[in-house]
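Let's take a walk through this fold together, strand by strand and then into the core. Keep the viewer open as you read.

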Amino acid sequence: MAELELICDESKQGSSFYDFMSAGYKESSRHFLTSSSDLAVAAIQPGGEEDLAKILQVIGRYKAPFAVKSGGHSMTPAFSSTRGIQISMTRFDKIKYAESESGNVLHVGAGALWGAVYRKAAKHGVGVVGGVEAGVGVGGLLLGGGYSLKSSRLGLGIDNIQAFRIVTPKGLILEVSDGSTGEDKELFNALRGGANNFGIVTRFTLKTHPQTMTYGAKLIITDGGAREQEVKQAIMEHITKEKRNTAVIEVGFRHVLTPGNKEPEYTISANCVLDAPKPKEESEVPFAAFRKIVGDSWNDTTNPAGGGEGVAAPNQLAEKSDDPGFREMTFIEMHRLSDHTYNVASFRRDEIYPVEIKTGAPQQPSKNESESSDDFLTTLLAFGIGALELGGLAALTLAPDILPLINYEGIFESISELLEDIGTSDLRVFAPSVQTQKALVAEVANQAKRVREFMVEKSGRLVVIEVWPFHPSIFDLSQPDAAWPHKAGDPYSPLIASFRWERPADDEFWVKEMNRSLDAILAVAEKEGCARRDMPRYLNTSLETVPVEMIYGGKDQLEKLGKVRARYDPDDVMGRTGGFNIPLPGTASA
């Protein structure tokens, strides 16, 4: 470690070395989930590419374990955390807008957070394909694939990258682009979904796209049991009737047990986003079924938020609008809907912050946006569950004629211990018919309800399963030869599943029940004739138990990527990191 510390001490680029448990160490090594954290022996924040090249060569020479962290939102232990040397990319956070004849771009540092990227893009009236939440880091999301609220229309994040800058284990500093040829083009393609296998990426050059105002809402439906059927119908109406690839929904069936309560509370969250201005014609306004649920709640005088049976809530009468909960938003606000959750049962109009923008003007942050300095906290407070809410990613697509992936991943927390246990199961399914989709959505809701029955006895605190059906066009703009296979006509998309409990003694029980739930969902998919197991798993939503060949679609693709990797990392330095390591040719795992 002395050599690493010396590099930082003599640095002219502002690199810093942090000893165990110093303030800089804590900032460099902490993650969104404690289950994804580990106790590194030391942490480094490189200040520039030259220093990073030296650091990587020292690590390689001593064969030291290490990890690279961007925003720290990895859902998997040891993928961006380590018990060796933690490299934090936080100082690679520069964002620059550039105009060119081939199209305007954003140069984005690998340590930037998406909230900062969106603010920079908004100043120029453009948008980019990136993370849903503002507090997520750029590096991990883009290197793993990059599902986005814009993906149905513009593809994945890796389909919108024009160039990478990368420091290789040999100490080379390279820039490769979609215009490169030969070996440079092969490296460019390998980085599109190839994660941390080829070196450390320091900068992405992203395509920009014209950006308008957006429209939507984040709803919390507190009486989930009474409105579940309406919500499932609303999901199906969106899947079967919504033809615009700009309209996206994400719906979660949530059961939360607050300590002291006798039973869990059942709520349903619905994130509805139109990446376009609100249509002028009422018949063209999206999310009609979800807006009806909100509207009906205003007319429900027996709602507990009102003044009692047969009496409307006072602010219901005074503040009713034609479109409660939904509103037009800037591009930045679209990615911060968690700030503005609308409780369907509360009728509290003050829960919605106004968005003021002049028609036709370039998008600017609202007052609330410009004053906020903590996008990470914003993300943690999503859905009002609390600042320590945990989530695990998986995948499910429900749109007609789609071939989706279901990547099941669970997050298991034992609050009394430093780390949580985490497990996963993976599969893919076709969804060729409306009836099939109904069965899958129903089974997701049923399994969440089934597991809630154990929460009181087995220290359960949170059970949530979400569905996120993308448009069938999601991969239509996919670029060929990417490391992570995704081709037109063969789309799949995420599902989020999260289990949380307190007692370590209940770990085995909850792991068993999670797998039981996932097996039941798979059984429904297979029964409906829509199961398919040979598609590549999505890197960003799979755990380390998934074989790497399943990530990249088989041994042929893995061997192809291994040959590219051998040029830039022949000594297997990047194999000392976590993640899905692509084996070098001739190794036992190849």
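Start with strand β10, residues 200-207: 6 of its 8 residues are buried, so the strand is largely enclosed by the rest of the structure. Keep in mind that this is a predicted model.

Who are the pairing partners of β10? One is β6, residues 105-109, which runs antiparallel to β10 and is joined to it by 5 bridges. If you want a spot to click on, try His 107, whose bridge partner in β10 is Thr 205. Another is β8, residues 161-167, also antiparallel to β10, with 6 bridges between them. There, Ile 161 stands opposite Leu 206 of β10.

Now move towards the N terminus, to an open sheet. Its 4 strands come in the order β1-β2-β4-β3, and the pairing is mixed. At the edges sit β1 (16-19) and β3 (66-69), each of which pairs on one side only. Going from one strand to the next, the twist averages 20°. Inside that order, β2 (residues 42-45) and β4 (residues 85-88) are paired in the parallel sense, over 3 bridges. Ile 44 makes a handy marker here, as its bridge partner in β4 is Ile 87.

Helices pack on this sheet, too. Helix α3, residues 49-62, touches β2, β3 and β4, and its direction makes about 160° with that of β4. Helix α1, residues 2-9, lies across β1, β2 and β4, running at about 135° to β1.

What about the nonpolar interior? In soluble globular proteins, nonpolar side chains tend to be buried together. Here the largest nonpolar core has 86 residues, and the members touching the most others are Trp 114, Val 117, Tyr 147, Phe 164, Phe 198, Phe 204 and Tyr 552. Helix α3 gives the most to this core, with 6 residues. A second core, separate from that one, holds 46 residues, including Ile 235, Ile 293, Val 441 and Val 451.

Last, a word on the cysteines. Is Cys 8 buried or exposed? Its relative accessibility is 7%, and buried means under 20%, so Cys 8 counts as buried. Cys 272 is buried as well, with a relative accessible area of 0%. As for disulfides, a pair needs its sulfur atoms within 2.5 Å, and by that rule the count comes to 0.

Key
Residues are numbered from 1 along each chain as its sequence is written. This is a predicted model: local features need pLDDT of at least 70, side-chain atom pairs count only at pLDDT 80 or more; totals for chains, interfaces and linings use all residues. Side-chain values use heavy atoms; hydrogens and water are left out. Two strands pair if DSSP finds at least two bridges between them. Helices (H or I, at least four residues) and strands (E, at least two) are DSSP runs, numbered from the N terminus. Axes are lines fitted to C-alpha atoms, for helices over the stretch in contact, and angles run from 0 to 180 degrees between N-to-C directions. Contact means heavy atoms within 4.5 Å. Buried means under 20% relative accessible area, exposed over 50%, partly exposed in between (1.4 Å probe, protein chains only). A nonpolar core is a set of buried Ala, Val, Leu, Ile, Met, Phe, Trp, Tyr and Cys residues joined through side-chain atoms within 4.5 Å.
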